[in-house]
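This report describes one protein model in plain terms. Please look at the sequence and the structure before reading on.

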Amino acid sequence: MFEVDWRQAPKGAKWWAINADGQAHWFTPPKTIPFAHIWYADMDPAPDFGYQGDWKDSLRECPARLTPVRRKPTL
């Protein structure tokens, strides 16, 4: 059975998916670039975890209990 191992995800990753080219990636929530008026999301290479389905059905969201929380550093 296919399962994404979220312990391998980079900090801030919210989704995992396979693209049409067969490459798997971790995705972060979209951000905006000041003064550029565009959206972008970080896309980092990821393992395919043995996924065998159609790439269009591959999108998986990180379970809320595993989503890394960014905290302000303590001084």
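Contact here means that heavy atoms lie within 4.5 Å. The model is a predicted one. With neighbours up to four places away in sequence left aside, F2 is in contact with W16, D48, F49, G50, Y51 and R60.

**The sheet**

Strands of a sheet pair through backbone hydrogen bonds, in a parallel or an antiparallel way. In this model, four strands form an open sheet in the order 5-2-1-6, and the pairing is antiparallel. Strand 5 and strand 6 are the edge strands, each of them pairing on one side only. Strand 2 and strand 5 run antiparallel and are joined by three bridges. F27 has M43 in strand 5 as its bridge partner.

**Aromatic residues and the core**

How many aromatic pairs are there? The count comes to six aromatic pairs. One of them is formed by F2 and Y51, which meet edge-to-face, with 4.9 Å from centre to centre and 70 degrees between the planes. This pair links distant parts of the chain, since F2 lies in the segment before strand 1 and Y51 in the loop between strand 5 and strand 6, 49 residues apart. Are F2 and Y51 buried or exposed? Both F2 and Y51 are buried.

F2 and Y51 also belong to one aromatic cluster, together with W6, W16, W26 and F49. The largest nonpolar core has twelve residues, including F2, W16, I18, A24, W26 and Y51. Strand 1 and strand 2 each supply at least two residues of this core.

**D5 and G53**

D5 lies in the segment before strand 1 (15-18). The side chain of D5 makes a polar contact with the side chain of R7, at 2.9 Å. Not counting residues up to four places away in sequence, D5 touches W26 and F49.

G53 is placed in the loop between strand 5 (43-45) and strand 6 (60-61). Why is G53 called partly exposed? The relative accessible area of G53 is 44%, and the term partly exposed covers values between 20% and 50%. G53 and F2 are 51 residues apart in sequence, and their C-alpha atoms are 9.6 Å apart in space.

The table lists three residue pairs with their distances.

| Pair | Kind of distance | Value |
|---|---|---|
| F2 and Y51 | ring centre to centre | 4.9 Å |
| D5 and R7 | side-chain polar contact | 2.9 Å |
| G53 and F2 | C-alpha to C-alpha | 9.6 Å |

Conventions: Residues numbered from 1 in each chain as written. Predicted model: local features only at pLDDT ≥ 70, side-chain atom pairs only at ≥ 80, totals over all residues. Heavy atoms only, no water. Polar contact = N/O pair within 3.5 Å; in protein donor to acceptor, adjacent residues only side chain to side chain. Buried < 20%, exposed > 50% of the residue type's maximum accessible area, 1.4 Å probe, protein only. Phe/Tyr/Trp six-rings, centres within 6.5 Å; stacked < 30°, edge-to-face > 60°. Core = buried A, V, L, I, M, F, W, Y, C linked by side-chain atoms within 4.5 Å. Pairing = 2+ DSSP bridges.
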